[in-house]
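Hi there,

Here is the structure I promised to pass on. Please open it alongside this email, and you can follow my notes residue by residue.

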Amino acid sequence: MDTIVHVNILKSKIKSRIYGYEVLGHADYDDYGYDIVCASISTLIFTAINSLEDVAKYKENELNIKMAENGYMFFSLPVNDDDTRLTVANIILETTFIGLNSIEEEYGQYINIKTVINNI
């Protein structure tokens, strides 16, 4: 069993911006309910989604959100969007990236962060 959380940062090659995140797996840092690594990552991802909805004014169905009990979380912004919302979204997603990097600095053996660049 893979005991690491894999985080893919989805980045647009054309606009050079983060447009989403994909999280796979569990850290197994501690027992269920005490795993601060998984809890921290989940908190950052849910805060990003909620901020995109509340601050950047995306509707839930615009964010292409997918979740599963096996530790899978995914969300992405619409491919074509106006620059005003994208500017606000970029700040939220870059802040999420900073938080994930902080987790990786402290608990690197439990989290693997990779940037995936797509031609959008």
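Read from start to end, the protein chain runs β-β-α-β-β-α-β, which comes to two helices and five strands. Here helices (H or I, at least four residues) and strands (E, at least two) are DSSP runs, numbered from the N terminus.

A word on where this comes from: the model is predicted, so local features need pLDDT of at least 70 and side-chain atom pairs count only at pLDDT 80 or more, while totals for chains, interfaces and linings use all residues. Residues are numbered from 1 along each chain as its sequence is written, and side-chain values use heavy atoms, with hydrogens and water left out.

**The whole chain**

The radius of gyration of the protein chain is 14 Å, which agrees with the value near 14 Å for a compact globule of 120 residues. That radius is taken over C-alpha atoms, and the globule rule is 2.2 Å times the number of residues to the power 0.38. Along the principal axes, the C-alpha atoms fill a box of roughly 45 × 25 × 20 Å.

Of the 120 residues, 37% are buried (buried is under 20% relative accessible area, exposed is over 50%, and partly exposed is in between, with a 1.4 Å probe and protein chains only). The accessible surface is about 7100 Å², and carbon and sulfur atoms hold 51% of that area. These areas come from the Shrake-Rupley method with a 1.4 Å probe; for residues, only the protein chains shown count as cover.

Among contacts with a separation of 6 or more, 60% are between residues 24 or more positions apart (a contact means heavy atoms within 4.5 Å). As for charge, there are 9 positive and 18 negative side chains, and the centres of the two sets lie 14 Å apart. Lys and Arg count as positive and Asp and Glu as negative, without His and the chain ends; each charge is placed at NZ of Lys, CZ of Arg, CG of Asp or CD of Glu.

**Asn64 and Ser76**

Asn64 sits in the loop between helix 1 (36–54) and strand 3 (66–67). Asn64 counts as partly exposed because its relative accessible area is 36%. Beyond its neighbours within four places in sequence, Asn64 is in contact with Phe74, Phe75 and Ser76. The C-alpha atoms of Asn64 and Phe74 are 7.7 Å apart, with their positions ten residues apart in sequence numbering.

Which side chain does the side chain of Asn64 meet in a polar contact? The partner is Ser76, at 3.4 Å. A polar contact is a pair of N or O atoms within 3.5 Å; within protein, one must be able to donate a hydrogen and the other to accept it, and residues adjacent in sequence count only if both atoms are side-chain atoms.

Ser76 belongs to strand 4 (residues 73–76), and its 8% relative accessibility makes it buried. Besides Asn64, the residues it touches include Tyr19, Gly20, Glu62 and Leu63, leaving out those up to four places away in sequence.

**Two positive phi angles**

Most residues other than glycine have a negative phi. Asn64, not a glycine, has a positive phi of about 50 degrees. Asp28 is not a glycine either, and its phi is positive at about 55 degrees. Asp28 lies in the loop between strand 2 (18–24) and helix 1 and is partly exposed, at 38% relative accessible area.

**Helix 2 and the loop before it**

Leu86 is in helix 2 (residues 83–107) and is buried, with 8% relative accessibility. Outside its neighbours within four places in sequence, Leu86 contacts Lys15, Arg17, Tyr58, Leu77 and Asp81. Leu86 and Ala56 are 30 residues apart in sequence, yet their C-alpha atoms are 8.0 Å apart.

Asp81 is in the loop between strand 4 and helix 2. Is Asp81 buried or exposed? Buried, because its relative accessibility is 17%. Its side chain makes a polar contact of 2.5 Å with the side chain of Tyr58, and another of 3.2 Å with that of Arg85.

**Leu44 in helix 1**

Leu44 is found in helix 1 and is partly exposed, at 22% relative accessible area. Not counting residues up to four places away in sequence, Leu44 touches Thr96, Gly99, Leu100 and Ile103.

Best wishes
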